[in-house]
Amino acid sequence: HPEGPQQAFAKNAVDLWPLWAFSAAAKSKIYASKPWLENQYAVAWRGDGSGTHLTRPDFRGRTVAIGNLALAKQLATQILPPFRRDLVPNRTIALQHLCSGQADAAFLEVRLLESMMLRRPPGCEAVDLRVEVAGDVSVQMSTTSTWKFRPETDRLRREIDLMFQDGRFARFVDSWFVFSNIEAHALANLQEQRQIG
């Protein structure tokens, strides 16, 4: 559903959403399983082509592309100085607006950004991009559903626990993510410690 989980649940368009912010689901009175992934966020901007590390520019008053999702908008406002919003339908378009110069920066989840850095969307293939992870912000994610489908959601979450325990989860995450697997491994280690303790 292109509008995201909050709108999808509000319109009764879905019964289950595989990954949504735990706190946002709770505020929306949607059932959320125990969190199983952590999202970090990052800001990306165009480099100068020199290949040298550049410190993040001051985006005060500049245009930042953000997916039109409540949590992303809220976090960007907390993390960045006052900026002009370029609200776009999805994160790929946010990065494309950055690449084309329509925006000075893009703000999105690390796990999605890293995938797009490896497989660049059209218009971004040759653009020099720089990224800074907002290290002090992380959002716990869980599988969510209407209360009617809580049993199915809990069964899925129990299977994720089994995947943590036998190592399948770490292998799966390593095959899909490059950098953000650290958060998944941290949650897996925490889960393992809880099992031992």
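**View 1. Gly101, just past the end of helix H4, has a positive phi.** In this predicted model, the phi of Gly101 comes out at about 90°. The glycine sits just after H4, a helix that covers residues 91-100. Over at the start of H4, Asn90 gets involved: one of its side-chain oxygens reaches to within 3.0 Å of the backbone nitrogen of Thr92.

**View 2. The buried side of helix H4 and what it packs against.** Five residues of H4 are in view here: Ala94, Leu95, His97, Leu98 and Cys99, each of them buried. Their packing partners include a run of strands, namely E3 (37-46), E4 (63-67), E5 (84-88), E6 (105-109) and E7 (129-145). Helix H5 (110-118) joins in as well.

**View 3. Val64 in the largest nonpolar core.** That core has 34 residues, and the ones with the most contacts inside it are Trp20, Val64 and Phe107. Zoom in on Val64 and, leaving out residues up to four places away in sequence, you'll find that it touches Phe59, Leu80 and Phe83. It also touches the stretch Arg84, Arg85 and Asp86, plus Ala105, Ala106 and Phe107. Apart from the largest core lies another one, of 17 residues, with Ala44, Val88, Leu95 and Ala103 among them. Leu95 should look familiar from View 2, as one of the buried residues of H4.

**View 4. Glu132 and Arg56 form a salt bridge.** Their side chains meet at 3.3 Å, N to O. Glu132 belongs to strand E7 while Arg56 is in the loop between E3 and E4, so this pair ties together parts that are 76 residues apart in sequence. How exposed are the two partners? Glu132 counts as partly exposed at 32% relative accessibility, and Arg56 counts as partly exposed at 30%. The structure holds 11 salt bridges, and the next two views pick out some others.

**View 5. A salt bridge within helix H6, between Arg150 and Asp154.** The closest N and O atoms of this pair are 3.4 Å apart. Both residues lie in H6 (residues 150-166), with a spacing of four residues, or about one turn of the helix. Arg150 has a relative accessible area of 36%, which makes it partly exposed.

**View 6. Glu159 meets Arg168, and a network joins three other residues.** The side chains of Glu159 and Arg168 come together in a salt bridge at 3.0 Å, N to O. Glu159 is partly exposed, at 34% relative accessibility, and so is Arg168, with a relative accessible area of 31%. Also worth a look are Lys34, Arg157 and Asp161, which are joined into one network by salt bridges that share partners.

**View 7. The largest pocket and its lining.** There's about 640 Å³ of space in here. The lining comes to 31 residues, and those nearest the centre of the pocket are Pro5, Trp20, Leu69, Ala70 and Leu71. Trp20 has already turned up in View 3, among the residues with the most contacts in the largest core. Which elements each supply at least two residues of the lining? They are helices H1 (5-10), H2 (22-27) and H3 (70-79), along with strands E1 (16-21) and E3.

**View 8. Stepping back to the whole chain, with its eight helices and seven strands.** Of its 197 residues, 45% count as buried. Take the contacts between residues at least 6 apart in sequence, and 66% of them join residues at least 24 apart.

Technical notes
Residues numbered from 1 in each chain as written. Predicted model: local features only at pLDDT ≥ 70, side-chain atom pairs only at ≥ 80, totals over all residues. Heavy atoms only, no water. Buried < 20%, exposed > 50% of the residue type's maximum accessible area, 1.4 Å probe, protein only. Contact = heavy atoms within 4.5 Å. Polar contact = N/O pair within 3.5 Å; in protein donor to acceptor, adjacent residues only side chain to side chain. Core = buried A, V, L, I, M, F, W, Y, C linked by side-chain atoms within 4.5 Å. Salt bridge = Lys/Arg side-chain N within 4 Å of Asp/Glu carboxyl O. 1 Å grid on protein atoms, 1.4 Å probe; cavity = no way out; pocket = protein on both sides within 12 Å on 5 of 7 lines; lining within 4 Å. Points joined across faces, edges and corners; volume = space filled by probe spheres on them.
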